[in-house]
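Reader: Could you take me through one part of this model up close? I'd like to hear about a single helix and what it packs against.

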Number of protein chains: 2
Amino acid sequence: MEDTVRIIPLGGVGEVGKNMIAIEYANEILIADCGLAFPEDDMLGVDLLIPDITYLRQSRKPVVGYVISHGHEDHIGGLAYILREINAPVYATPLTRGLIEVKLREARLLDKTDLRTFQDGDVVHVGGFTVEPFRVTHSIPDAVGLAITCGAGTVVYTGDFKFDPTPVDARTSNYARIGQIGERGVLVLLSDCVHAETEGHTPSEQVVTDTFRRIFGRTEGRIIIATFASLIARIQQAITVAEEHGRKVAVVGRSLENNVAMATELGYLRFRPGTMVSFRELERESPENQVVIVTGSQGEPTSVLNRIANQDHRSVKLREGDTVIISATPIPGNETAVSRIINNLFRQGANVVYSAIERVHVSGHASADEQRLMLNMMKPTYAVPIHGEMRHLVRYRQIAMSVGVPEENIVIPENGAVMEFGPDGASIVERTPNNFVFVDGVSVGDVDHVVLRDRQLLSQDGMLLVVVSIDRQSGKLVAGPDLISRGFLYGAEEARITDDARALVRRAFKHDGDSPAEWSWAHRKLKHTLGQFMYERTGRRPMILPVVMEV
Amino acid sequence: MEDTVRIIPLGGVGEVGKNMIAIEYANEILIADCGLAFPEDDMLGVDLLIPDITYLRQSRKPVVGYVISHGHEDHIGGLAYILREINAPVYATPLTRGLIEVKLREARLLDKTDLRTFQDGDVVHVGGFTVEPFRVTHSIPDAVGLAITCGAGTVVYTGDFKFDPTPVDARTSNYARIGQIGERGVLVLLSDCVHAETEGHTPSEQVVTDTFRRIFGRTEGRIIIATFASLIARIQQAITVAEEHGRKVAVVGRSLENNVAMATELGYLRFRPGTMVSFRELERESPENQVVIVTGSQGEPTSVLNRIANQDHRSVKLREGDTVIISATPIPGNETAVSRIINNLFRQGANVVYSAIERVHVSGHASADEQRLMLNMMKPTYAVPIHGEMRHLVRYRQIAMSVGVPEENIVIPENGAVMEFGPDGASIVERTPNNFVFVDGVSVGDVDHVVLRDRQLLSQDGMLLVVVSIDRQSGKLVAGPDLISRGFLYGAEEARITDDARALVRRAFKHDGDSPAEWSWAHRKLKHTLGQFMYERTGRRPMILPVVMEV
């Protein structure tokens, strides 16, 4: 029996192991989570990113299953892409399974997938791995961590977690089970570390319920609440407080409607008959009896909230006296987009409540003291922070050391790097390709860094197209140059500068007398001459595209 | 004598009146501040923005002077552009004047400008206006608010301010003067409101000194501090604490070096002989005696800190054991850039201290209770929030109402909108053009929204160039089509799709039999045919640029 286990984080933009982790023992691979990521600012035009599975493709070992921690997009969204290539049973808790089914139905993969349910307290065998899900609290119900045991020992993957003493569904983390797993012995703890920069404890979701009660109590008009479609707990909080104040609730937005229908069916959303109505029915109530829940808390361009803010939504029109609650904190990179929405809502006379002024959101992730609690209960030999950027990983190392994990037993992971754990210690034994796969339009993986670099260049100073016809024999200009610019020159400037540029090109081709034309020579000459000229005149460097026709 | 005064905010991206405010009484205009702004995310390739002075150009009234509140870029940076067109005396306190001189020297405008010094406590006459600067605390020394009196009454412009009880230079706001001005009667208070979302008081700069002491006390290696070049107070704090710990200090970066030299000469930076050395001299000290101050706390691509983080700086190389303090909070929109730098510094083994984990920065702006204090002391008839986005303006209105300013006496300003104040009340009487002027490379105002929209399109899905030669008589294709794409297609996809597209174009031109060629017909045909084809095949919509050569 082998005594080492290998762990390979396979997804994350900037963050490590955020979306997918491979656990390899003997001749088998088990996958923990399979999510997708959203592009960073400079990935121009990219819609979303799925993990790079080169490692799995190149490995001869079979994937025996996917075990899923919870139902958020960054943990389940990759399945619709990756199951097409690597099909294996998918294990999830009931709500998570419901959310996966919604995705796979859209992708027409539901029939082809072997979906299985597991629950807190179960012990399931996936290939040679024994998997024990244990309940943790997060901003979605039915989240679990996973204790994965193989011949080398137990690897614990926390998933996203915090220790909320008063969660919305009153189901706290399974402390007893966590304690048992820790007592039995944990070789490696893979821990969510994204909120490690905050000291102390993350506030309970209960705090948000209290804020909702305060806002509902002082508000007479209609209330619109924006949040993530998958934040089922937040939706429950809104419904509960709405009922306390005699308001009815409608949800608007396709993903939200799907998720609410599914969560209701599975019993994860509780409300009295008559509370949930369609938006059309809601409109018949007086404003003080209305609550509308919409998506768009991150400023997404096509979201319901953004369309409301821009007075562009088909049915939901903002009215004087409306109160809009943005129940989320902008994810880094989204601040400006969210701020624009807030400004636009204010401009239309709405009262806007957002996280900078009231506690309408709390993080779903553990702060430093909760990390310490998890470490103290699990007592792992090795600790590995995941789901964070370098700054969070380093911070987690300090936290782990503060509760006695020796520095050499803490591994800072990298995407694509193969970590090996066993009796001889822990180390990175191999680095494998790990570039995210870009999804742009209908293409998967057909957009690469060259394309992105070109978009970046084009977005800075635009482009200049120059078309000439030259005589094949003499190398002389017979037609053109024609100059076409986009995103570069404007109005008055354009006429002035392109006239001079045309004259310059004509001179450049005249000086060289009779010499046989060579396409690449003319090409280089145009690029160089115009590049220099344009930089001198405008201080800008457009992408220059010469088109040389030989006649 | 006229009894109304007009106030027109002239600059700000998203924010109102952030960079320049015109105050018009009888036949004269006085300008308060003249700064520049930095582009938002979607202003692709734009370097900076200067206020639109269309209003001043169209007015027949002369500008009698510029009165400047403090020396930050967003309050003085526009002078180097706008003085060329509208020359008038510029009044500033000594440090602010020194910073303006640095800018005007670079712009070769120093000889042509009538620079005058005023100080806290002075009463100066600028045209028919009486201007009284009064000291306020901010994150730069020598900041003043301005009480501007004309026949209609007194307009108070706070500039950027907070009420710091223990400022770095020990010179608190001039409470007595503020009280006097308030007692005499204030018609309009124009108040900085950008930090109005925070309740209570902004912490004193002293808190940062305390944090520096704590960090210096526990650190053995070299310390690198990144901050804004104009944050003179922060530089003083770093120098003071360095001296306490027997360290020498070097500054690296042109703008920082200029500002430090000037502030030292004017007596705004105090240190013992031998403390400030060149970087070369500093390198001779052992690491525990070194402090390096650099620019780049906002993640600016060409800043010293970013070059250090990317191992690309000529002289400053990161070493194991270095501690980097980022003494600033990312301005909205810069979070991702700053986070990348933090990650890169950690990756190279540095210890990084930043605002998320320790108090190495405090805001230079007033929180809600400081706003209330200013309102209580000034007791204005009308209150106008400036320097904020809509969300801040609305928040300030709530604050002003909480201390008894009637709602109808609070005006929410707009850039370019002419506000009129007098015995008959306050109102917006006119809206004038106010688009920012983009500076891109060496061009001022030559980049407009069409150019930006093109850059936006190019950055999303790139471009596709199609070149054909058609017979002038028959309209038939005689050469091409040649297809060139940038930022659109990649590798394998490119070959496959462009082959099909070429065949498609050939077919499109064949079907039409003999018909006289018309350039615009061929142009439209190419654009339509290829646009549709590419969207079907890739889900993307590149900018399509047809080049039609008639032969």
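Author: Here is a walk around one helix, followed by its counterpart in the other chain.

Keep in mind that this is a predicted model. For a bit of backdrop, chain A has 16 helices and 25 strands, and 53% of its 551 residues are buried. Its C-alpha atoms fill a box of roughly 90 × 70 × 45 Å along the principal axes.

Now zoom in on α4 of chain A, residues 94–106, and its partner α8 of chain A, residues 254–265: their axes come within 10 Å and cross at roughly 140°. That angle is why α4(A) counts as oblique to α8(A), since only angles over 145 degrees would be called roughly antiparallel. The crossing of the two is right-handed. On the α4(A) side you'll find Leu95(A), Gly98(A), Leu99(A) and Val102(A), which meet Asn258(A), Asn259(A), Met262(A) and Ala263(A) from α8(A). Sorted by class, that contact has five nonpolar residues, three polar ones and no charged ones.

Over in chain B, let's begin with a sheet. Eight strands form an open sheet with mixed pairing, in the order β7-β6-β5-β3-β2-β1-β19-β20. β7 (115–117) and β20 (425–431) of chain B are the edges, each pairing on one side only. On average, neighbouring strands are turned by 25° against each other, ignoring direction. Within the sheet, β5(B) (63–67) and β6(B) (90–92) pair in the parallel sense over two bridges, with Tyr66(B) bridged to Val90(B) in β6(B). And here's α4 of chain B, residues 94–106: this helix packs on the sheet, touching β6 and β7 of chain B, and its direction makes about 160° with that of β7(B).

Technical notes:
Residues numbered from 1 in each chain as written. Chains lettered and ligands numbered in written order. Predicted model: local features only at pLDDT ≥ 70, side-chain atom pairs only at ≥ 80, totals over all residues. Helix = DSSP H or I, 4+ residues; strand = E, 2+ residues; numbered from the N terminus. Buried ≥ 20, exposed ≤ 12 C-beta atoms within 10 Å, placed from the backbone. Axes fitted to C-alpha atoms, helices over the stretch in contact; angles between N-to-C directions. Parallel < 35°, antiparallel > 145°, perpendicular 65-115°, else oblique. Left-handed = near helix turned anticlockwise from the far one by under 90°. Contact = placed C-beta atoms within 7 Å. Nonpolar A, V, L, I, M, F, W, Y, C, P; charged D, E, K, R; others polar. Pairing = 2+ DSSP bridges.
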